[in-house]
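Have the coordinates open in your viewer. The walk goes from one chain to the pair.

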Number of protein chains: 2
Amino acid sequence: MTKDDLAKDKERYIALAMELIERRGAAIDRGTLASEAGVARSRIEAIFPEESDLIDGIVGQWYAPDIRIMEEVVASDLPIRRKFYEFYARRFERDKQRYTDNLELYALYLELGEAHFDRVRGYIDLADHYLTELIAQAQDEGFFGGLEIDRALTLINQMVACYTSPQMMMIIGDRLKPEKLAKILDTLFAGLSAEDGGAMAVTPIKAVT
Amino acid sequence: MTKDDLAKDKERYIALAMELIERRGAAIDRGTLASEAGVARSRIEAIFPEESDLIDGIVGQWYAPDIRIMEEVVASDLPIRRKFYEFYARRFERDKQRYTDNLELYALYLELGEAHFDRVRGYIDLADHYLTELIAQAQDEGFFGGLEIDRALTLINQMVACYTSPQMMMIIGDRLKPEKLAKILDTLFAGLSAEDGGAMAVTPIKAVT
């Protein structure tokens, strides 16, 4: 078997695994995949040496469109504000579509992701990596003044979390709208900086003793 | 039994129910409450005519400190920006404490809340009601210019969701910090308005046909 054949087989079995997950409404392991595919278990184990390799394949397939979107947006020549919007909106629209198409399946994948969070972590880090590039560009153009990049990153992640978190999609999916996302991003561009606006008291309020 | 006695009994049995939930690590019903309290089931049913009345009592107890916090903050004479901060920060700190004290118990209450969301809804509406008052005051002072109150409400709710959502607490609790919340609120005060900053394209980008 050539390396190419192996890669094609892997892709085919991941697609089958995801079909089975959808049909059965439950996670599957290598044994089930082998019996449903009608092949020997050793065949599947040659492709996925560990259960975690199958999980990795499924998680990779799930996130592949997100990575494509992020790469395209970062490489585009859109104005920075529009880049931020497309960076979030395109992934959100795609996720919303999956959520709308099949809520149970979406909830199941969310559950799988939570159960194998160590396998998902890398994709979150990758999104942070791309966002860091966008923040650096925005700062070059004078936005988010005075903030360390990591600081801007965590604040932006938190302010936009409703549009990236599948958990929030499950809870308030019907209230999430691209035009609200745009408004949130416009707010960030207009208002996020290192300047202390005074929301937090300089000294904590003390009780009289 | 006077009305006062009944109210006291109710309070006592709700407290006992919550003790039992903590000890057993599971939700309880009126039957279990009666047998654990060593009283006749009819006694419990006189106080909680339906299972949902017991749930309501527990949910009410869970949210009582939040309501107190919101009432105090709205009635305070703090500057509006500080009010916003205290409105969120005090509830967040309290919730963080519960999360830190006993993660399993916190997760269990979150699950109970999700299973009985119709019983929780009223408290979310109440938080919206108080936030509406704060937004109106902020707009009187010139902030959030040109936005309808309901529009400002939904945008602010989404931007601050990490600090109000127990689901987000479960996922990124260790990344949530009062000083980040302050920064997010400062960003809102500096940047949230009806003005279109241009994150969303005026006309969608069309493919060449």
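In chain A, what share of the contacts between residues at least 6 apart in sequence join residues at least 24 apart? It is 61%. Two residues are in contact if their C-beta atoms, placed from the backbone, lie within 7 Å.

A word on the model and its labels. This is a predicted model: local features need pLDDT of at least 70, side-chain atom pairs count only at pLDDT 80 or more, and totals for chains, interfaces and linings use all residues. Residues are numbered from 1 along each chain as its sequence is written, while chains are lettered from A and ligands numbered from 1 in the order in which they are written.

Now the fold of one copy. Chain A has ten helices and zero strands (DSSP runs, numbered from the N terminus: H or I of at least four residues for helices, E of at least two for strands). Its radius of gyration, taken over C-alpha atoms, is 21 Å. The globule rule (2.2 Å times the number of residues to the power 0.38) gives 17 Å for 209 residues, so chain A is more spread out than a compact globule. The C-alpha trace spans about 70 × 50 × 30 Å along its principal axes. Of the 209 residues, 27% count as buried (20 or more other C-beta atoms within 10 Å of a residue's own, C-beta atoms being placed from the backbone).

Next, the pair. A turn of 180 degrees and a shift of 0.0 Å along the axis lay chain B on chain A with an RMSD of 0.0 Å (least squares on C-alpha atoms of residues with pLDDT of at least 70 in both). That is the relation of a two-fold axis. In chain B, the C-alpha nearest the axis belongs to G191(B), 1.9 Å from it.

Note on methods:
A residue is buried if 20 or more other C-beta atoms lie within 10 Å of its own, exposed if 12 or fewer, and partly exposed in between; C-beta atoms are placed from the backbone.
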